[in-house]
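Good morning, everyone, and thank you for making time for this. I would like to walk you through one structure, going from its overall layout to a few side-chain pairs and back out to the strands.

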Amino acid sequence: MTPDPNTSLIKSLEEILDLERAALVEGDLDLLTHMAPEKEKLIGSINDLHVRDSNELSRVQNKVERNQALLNSAAEGIRAVAGRMAEIRRIRQEFSTYGADGQRSGFPVRGHAKMEKRA
């Protein structure tokens, strides 16, 4: 009895999705980029088979949705870090204060400003 090609493709995709989840949880974004071509290839192969409904595809769909939520969270975290780093760069380049009139005034910082804390 030969193995069903649909089942082996779906199993392979499930393994990739499990690895993708582990990489997302561990924050290994480099590994994600290496897995993407294989994942896309498997999804394309499954789509070409025109399999409509199966318990296996339902499991895969659940894993895809789970991973998409993790990917969205990771992207949101990266955007937050990028925004915070931009704010830190801006703070290092300019000292801002508000005057009595409520207007913000910015003063460029010369060189590498260092703040020293003394006890």
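Let me begin with a term I shall need shortly: a salt bridge here is a side-chain nitrogen of Lys or Arg within 4 Å of a carboxyl oxygen of Asp or Glu. Please also keep in mind that this is a predicted model, in which local features need pLDDT of at least 70 and side-chain atom pairs count only at pLDDT 80 or more, while totals for chains, interfaces and linings use all residues. Residues are numbered from 1 along each chain as its sequence is written, and side-chain values use heavy atoms, with hydrogens and water left out.

First, the layout. The protein chain has three helices and two strands, and along the sequence they follow the pattern α-α-α-β-β; helices (H or I, at least four residues) and strands (E, at least two) are DSSP runs, numbered from the N terminus. Of the 119 residues in the chain, 14% are buried, where buried means under 20% relative accessible area, exposed means over 50%, and partly exposed is in between, with a 1.4 Å probe and protein chains only. The accessible surface comes to about 9,700 Å², and 54% of that surface belongs to carbon and sulfur atoms; these areas come from the Shrake-Rupley method with a 1.4 Å probe, and for residues only the protein chains shown count as cover.

Now to the second helix, H2. How far apart are the end C-alpha atoms of H2? They are 30 Å apart, which agrees with the span that its 21 residues should have at 1.5 Å a residue, the expected span being 1.5 Å times one less than the number of residues. Even so, H2 has a kink of about 35° at methionine 35, shortly before proline 37, the bend at a residue being the angle between axes fitted to the seven residues ending there and the seven starting there. The buried residues in H2 are Leu32, Met35, Lys39, Leu42 and Ile46, and the helix is followed by histidine 50, whose phi is positive, near 55°.

Within H2, glutamate 38 forms a salt bridge with lysine 41, their closest N and O atoms being 3.9 Å apart. Because these two are three residues apart in the helix, they are separated by about one helical turn. Glutamate 38 is partly exposed, at a relative accessible area of 34%, whereas lysine 41 is exposed, at 54%.

A second pair involves another residue of H2: lysine 39 forms a salt bridge with glutamate 20, with 2.8 Å between the closest N and O atoms. Since lysine 39 lies in H2 (residues 29-49) and glutamate 20 in helix H1, this pair ties together parts that are 19 residues apart in sequence. Is glutamate 20 buried or exposed? At 7% relative accessibility, it counts as buried, and lysine 39 is buried as well. Contact means heavy atoms within 4.5 Å, and beyond its neighbours within four places in sequence, glutamate 20 touches Leu32, Met35, Lys39, Asn67 and Leu71 in that sense.

The third helix, H3, covers residues 55-93, and its 39 residues reach 57 Å from first C-alpha to last, close to the 57 Å expected. Its buried residues are Leu57, Val60, Lys63 and Asn67. Lysine 63 meets aspartate 18 in a salt bridge of 3.1 Å, N to O. Aspartate 18 lies in H1 and lysine 63 in H3, so this pair ties together parts that are 45 residues apart in sequence. Aspartate 18 is partly exposed, with a relative accessible area of 35%, while lysine 63 is buried, at 17%.

Finally, the strands. E1 (residues 94-98) and E2 (residues 104-108) pair in the antiparallel sense over five bridges; two strands pair if DSSP finds at least two bridges between them. Glutamate 94 stands opposite proline 108, and serine 96 stands opposite glycine 106. The two strands form a hairpin with five residues between them, and in that turn glycine 102 has a positive phi of about 85°.
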